[in-house]
Structure formats: C-alpha cells, structure tokens
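Please open the model in a viewer and keep the selection tool at hand. The tour proceeds from the whole chain to a single side chain.

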Amino acid sequence: MQQGLILLAHGARDPRWREPFEDLAARIREKRPELGVRLAFLELMEPDLATAGEELVASGCEAILVVPVFLGQGGHVREDIPALIEALRTRHSGVIVTQSRTAGEDGGVLDALASFCLGALESPGG
C-alpha cells in the first residue's frame, strides 16, 4: 500500500514562516524517499489540506497520515482539522486518511525543544 504524509502547519502572512516546515519535509523525504510527503497549511498559505491530499491521491497513495505540526491542542486541532480530514475522506472514500496527535504532544519533540532552550542559555543568539 502506497503511503502519503501531510505535514499540516498553521500558516502565516510572512512567506519566510514556511521555511522550517519545508526543511522538515525535505528531511523526511531524505529519510524515506519512497514516501509521498506534502506540506499543507490551515490558513493564509498554500497549499491547503485538500490540495495536498489531492496531490497524494493523484500520485497513487492509498493511505494518508495528516500530522499537525502544532505544539498544542487548540480549536484548530480539535475542530477545524478533523472537519477538513473528514471532507478529504468523503471525497476519496477508497483512501484511508488518518490524523496523528500534534507534534507538541510527543515527548521526544518536547525533549528536543527543552534541549534547545537550555542550549540557548549557553549561547544566546547563536
């Protein structure tokens, strides 16, 4: 079964805001070149979740995991994203579309952020 991965970020008006997410997607593609990886945004930036999902389905993906690259469980994660995922499921009933927990709910992500913050104490601005 061909798998796809959508990294879903919030979005912002400043186009530079997307750069770390593009870097994240590139790192994943490097580690798993056979995996269809798309970056999508909830608002203010393109592509949106529906477009990223369409691209993966068109490339042959039969299962798609949406990973909200958010730190916490706000209204977008609890309400907006599940509704968008349900719309994608409805449009592509033969494709398995699931959602992971948010990146910020993972202990490894929090450990990496804690290490970064502590490292910043030793090298502010560096």
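**The whole protein**

Of the contacts in the protein with a separation of 6 or more, 72% are between residues 24 or more positions apart; contact means heavy atoms within 4.5 Å. This is a predicted model, in which local features need pLDDT of at least 70 and side-chain atom pairs count only at pLDDT 80 or more, whereas totals for chains, interfaces and linings use all residues. Residues are numbered from 1 along each chain as its sequence is written, and side-chain values use heavy atoms, with hydrogens and water left out.

Display the protein as a cartoon. Four helices and four strands should appear, in the order β-α-β-α-β-α-β-α from the N terminus. Helices (H or I, at least four residues) and strands (E, at least two) are DSSP runs, numbered from the N terminus.

**The sheet**

Next, select the four strands. They form an open sheet with the order 2-1-3-4 and parallel pairing; two strands pair if DSSP finds at least two bridges between them. Strand 2 (36-41) and strand 4 are at the edges, and each has a single partner strand, so one side of each is left without a neighbour in the sheet. From one strand to the next, the twist averages 20°. Such angles run from 0 to 180 degrees between N-to-C directions, and axes are lines fitted to C-alpha atoms, for helices over the stretch in contact.

Now select strand 3 (residues 63-68) together with strand 4: four bridges join them in the parallel sense. Leu 65 has Thr 98 of strand 4 as its bridge partner.

**Helices 2 and 3**

Add helix 2, which lies across strand 1, strand 2 and strand 3 and runs at about 165° to strand 2. Then add helix 3. The axes of helix 2 (residues 49-58) and helix 3 come within 10 Å and cross at roughly 35°. To see the contact, select Leu 49, Ala 50, Gly 53 and Glu 54 of helix 2, and Leu 84, Ile 85, Leu 88 and Arg 91 of helix 3.

**His 92**

Finally, select His 92, in the loop between helix 3 (75-91) and strand 4 (96-99). Is His 92 buried or exposed? With a relative accessible area of 14%, His 92 is buried; buried means under 20% relative accessible area, exposed over 50%, and partly exposed in between (1.4 Å probe, protein chains only). Leaving aside residues up to four places away in sequence, His 92 touches Glu 54 and Val 57.
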